[in-house]
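Here are a few notes to read alongside the model. Take them in order, and keep the view open as you go.

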Amino acid sequence: EFKNMYPDMIKTAKEEEHKAAERSFTYANEVEKTHAALYQKILDNLDNPAEADYYVCKVCGHTHENEAPEKCPVCGANQNAFEKVD
């Protein structure tokens, strides 16, 4: 069973007042949720795969399907922070 390590890491970073680590772990925790949903969608549609483009935020790693959003839902970066994955 998968154990999400990020909540404990976020807690430790907060306790140690390490803001950069707290921010990085928080972003990673949110991004992992998005990745899990995308993986599940692909698994659920293995018999009928859909064509899609994927865009990744260069700030936090959030992956968005079909087109880059105007603003990253994880870190708030602008659309120009997204790069299309080939």
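1. A word on terms before the tour: helices and strands here are DSSP runs, with at least four residues for a helix and at least two for a strand, numbered from the N terminus. On that basis the protein has 2 helices and 3 strands. Following the sequence, you will meet them in the pattern α-α-β-β-β. Please bear in mind that this is a predicted model.

2. Next, the overall dimensions. Along the principal axes, the C-alpha atoms fill a box of roughly 45 × 35 × 15 Å. The accessible surface is about 6,500 Å², and carbon and sulfur atoms supply 49% of that surface. Of the 86 residues, 28% count as buried.

3. You may like to look at the charges too. The protein has 10 positive and 17 negative charges, and the mean positions of the two groups lie 7 Å apart.

4. Now for the inside. Which residues make up the largest nonpolar core? There are 11 of them: Tyr27, Val31, Tyr55, Cys57, Cys60, Ala68, Cys72, Cys75, Ala77, Ala81 and Phe82. Helix H2 (19-44) and strand E1 (54-57) are the elements that give two or more residues to this core. As background, nonpolar side chains in soluble globular proteins tend to be buried together.

5. Cys72, one of the core residues, is a good place to zoom in. Setting aside residues up to four places away in sequence, Cys72 touches Cys57, Cys60, His62, Ala77 and Phe82.

6. That brings us to His62, which sits in the loop between E1 and strand E2 (63-65). Is His62 buried or exposed? Its relative accessible area is 4%, and buried means under 20%, so His62 is buried. Beyond its neighbours within four places in sequence, His62 is in contact with Val31, Thr34, Tyr55, Val56, Cys57, Cys72, Pro73, Val74 and Phe82. One of these partners, Thr34, also makes a polar contact with His62, side chain to side chain, at 3.5 Å.

7. For contrast, turn to Asn48, in the loop between H2 and E1. With a relative accessible area of 60%, where exposed means over 50%, Asn48 counts as exposed. Asn48 and Tyr6 are 42 residues apart in sequence, and their C-alpha atoms are 33 Å apart in space.

8. Finally, a look at how the chain meets itself. Among contacts with a separation of 6 or more, 36% come from residues 24 or more positions apart. The pair Cys72 and His62 is a handy one to display while you explore, as these two residues touch.

Conventions:
Residues numbered from 1 in each chain as written. Predicted model: local features only at pLDDT ≥ 70, side-chain atom pairs only at ≥ 80, totals over all residues. Heavy atoms only, no water. Buried < 20%, exposed > 50% of the residue type's maximum accessible area, 1.4 Å probe, protein only. Contact = heavy atoms within 4.5 Å. Areas by Shrake-Rupley, 256 points an atom, 1.4 Å probe, with all protein chains shown as cover. Lys, Arg positive; Asp, Glu negative; His and termini not counted. Charge placed at Lys NZ, Arg CZ, Asp CG, Glu CD. Core = buried A, V, L, I, M, F, W, Y, C linked by side-chain atoms within 4.5 Å. Polar contact = N/O pair within 3.5 Å; in protein donor to acceptor, adjacent residues only side chain to side chain.
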